[in-house]
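Here is a quick tour of a protein with its ligands, written for someone who likes to check contacts by eye. Load it up and follow along.

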Amino acid sequence: MNLKHILWPDVSEKEWNNWQWQLKNRLSGKEGLKRLGKTLGADVTGPLKAIKTYKWAATPYYLSLIKSKDVLRDPVGKQVIPSPKETEAPSLPLASSDPLREKEYSPIKGLIHRYRDRVVILATSLCASYCRHCNRKRQWARPECITISREALGEIRDYLLLKPHVREVLVSGGDPLLLPLEKLEFILEALRTISTIKVLRLGTRVPVTLPMRVTDELCRLLKRHRPIWINTHFNHPNEITKETKSAIERMQLAGIPVSNQSVLLRGVNDDYDILRSLFCNLQEIMVRPYYLFQCDMVKGTSHFWVPLEMGIEIMERMWAHVGGMCVPNFVVDLPDGGGKVRLLPSHLLESDGKEAVFSTFEKRLIKVRLSHA
Ligand SMILES: *Cc1c(COP(=O)(O)O)cnc(C)c1O
Ligand code: SF4
């Protein structure tokens, strides 16, 4: 199935590759869902119910990656088409709209400060496509955080000037690469004038959902504010296309390293072979797999949750059989605002100070006499 040809048969290549055209022609709201349903002959009653609580929008480009006619079974479709399960009750008592307690860790508006040496700025609440598994779903409906104001940014700057131990700022959202370039430049400039801030990091899904946004002009802007690291968010090998490859390459040629954080999602990528392909394909385009997250226990995402043991099992196989540059850290961001923890298998089975027993990647036991004993 090719949704591009079905839904936008007359679009020219030039329009398709224009990010403004992509944004203007997003499918969204009731109208968009009905159009999708009609085109595919699918029942969209469930999705229509879900968007009463959680909004919906998707770029034509990202929708065109859906290959299965049964869109709610497709790995891209599942990430972007609303599911009635988002608003169903059963597992809701476990879920919270803000399990990471980001509000509590927000000393001033638009800033989250949980770890001593790094902070997060929420620069905008806009995204090119709204991921159904997003852990900041709670923000989608709040018009006041559409784009961070100059005043709020001024306050953030004052805060950071008093906290010289903060050395890294993550600009996140929403998606900061959707900001008008003047606004993005203003934010990066403001941060760059703080001498204690050494590194900037941008969290963005634009390379995946709207790769044409990565224009030469945007890359020049980023280049002027290095060191900047980009962290993007690929979840499935089907998301790696010639468009995404070219967007990533433009950023890399501007001297911006790109790494990736994935989320382990039921029915999307909760499978060893899929994740292995994803991580290896990312390494082939020189994107370093950085984190694989256990899906946060956020309200409206419970249909994506995968048992923790499954993630660990997949990762153990990965550590044993795949080159280290392809293997991300498997991370749980603990509820109750506990912060991130890495889950690693231990290969040190026992040690009494004189002798240690290791298990190899092939589960062979090796005894090592400790030299100092
Ligand atoms: C995830 C996160 C960071 C970044 O953590 P890294 O482990 O450096 O990727 C920083 N601040 C907050 C509040 C976070 O949730
Ligand atoms: S791009 Fe990021 S912030 Fe935006 S909806 Fe997706 S996961 Fe959430």
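Helices and strands here are DSSP runs, numbered from the N terminus, with at least four residues for a helix and at least two for a strand. By that scheme Arg101 sits in the loop between helix H7 (75–80) and S3. Keep in mind that this is a predicted model.

Arg101 is a good place to start, as it has a positive phi of about 50 degrees without being a glycine. Most residues other than glycine have a negative phi, and most peptide bonds are trans. Two peptide bonds are worth a look on that score. The one from Arg226 to Pro227 is cis, with omega near 0 degrees, and Pro227 belongs to the loop between helix H11 (216–224) and strand S7 (228–232). Gly173 and Gly174 are also joined by a cis peptide bond, with omega about 10 degrees.

Now for the ligands. Which residues surround ligand 1? The shell is made up of Ile112, Arg114, Tyr115, Arg118, Val120, Leu170, Arg201, Tyr290, Tyr291 and Lys340. By class that gives 6 nonpolar, no polar and 4 charged residues. Strands S3 (111–115), S4 (118–122) and S9 (288–294) each bring at least two residues to this shell, and S3 gives the most, with 3 residues.

Several side chains reach oxygen atoms of ligand 1 with a polar atom:

| Side chain | Distance to an oxygen atom of ligand 1 |
|---|---|
| Arg118 | 2.7 Å |
| Arg201 | 2.8 Å |
| Tyr290 | 2.7 Å |

On its own, ligand 1 has 390 Å² of accessible area, and the protein covers 91% of that. The space ligand 1 takes up is the largest pocket.

Leu170, another member of this shell, lies in strand S5 (residues 168–172). Leaving aside residues up to four places away in sequence, Leu170 touches Arg118, Val119, Val120, Ile121 and Arg201. Leu170 and Ile112 are 58 residues apart along the chain, while their C-alpha atoms are separated by 9.6 Å.

What about ligand 2? Around it you'll find Cys127, Tyr130, Cys131, Cys134, Trp140, Gly174, Arg205 and His233. This shell splits into 5 nonpolar, 2 polar and 1 charged residues. The space taken by ligand 2 is the largest pocket. Gly174 brings us back to the cis bond it forms with Gly173: this glycine lies in the loop between S5 and helix H9 (181–192), and it is one of the residues around ligand 2.

Note on methods
Residues are numbered from 1 along each chain as its sequence is written. Chains are lettered from A and ligands numbered from 1 in the order in which they are written. This is a predicted model: local features need pLDDT of at least 70, side-chain atom pairs count only at pLDDT 80 or more; totals for chains, interfaces and linings use all residues. Side-chain values use heavy atoms; hydrogens and water are left out. A residue is near a molecule or strand if one of its heavy atoms lies within 4 Å of it. A polar contact is a pair of N or O atoms within 3.5 Å; within protein, one must be able to donate a hydrogen and the other to accept it, and residues adjacent in sequence count only if both atoms are side-chain atoms. Accessible areas come from the Shrake-Rupley method with a 1.4 Å probe; for residues, only the protein chains shown count as cover. On a 1 Å grid over the protein atoms alone, a cavity is a set of points where a 1.4 Å probe fits but cannot get out, and a pocket is an open set with protein on both sides within 12 Å along at least five of seven lines; lining residues have an atom within 4 Å of a point. A molecule sits in a cavity or pocket if more than half of its atoms lie within 2 Å of its grid points. Ala, Val, Leu, Ile, Met, Phe, Trp, Tyr, Cys and Pro count as nonpolar, Asp, Glu, Lys and Arg as charged, and the others, Gly among them, as polar. Contact means heavy atoms within 4.5 Å.
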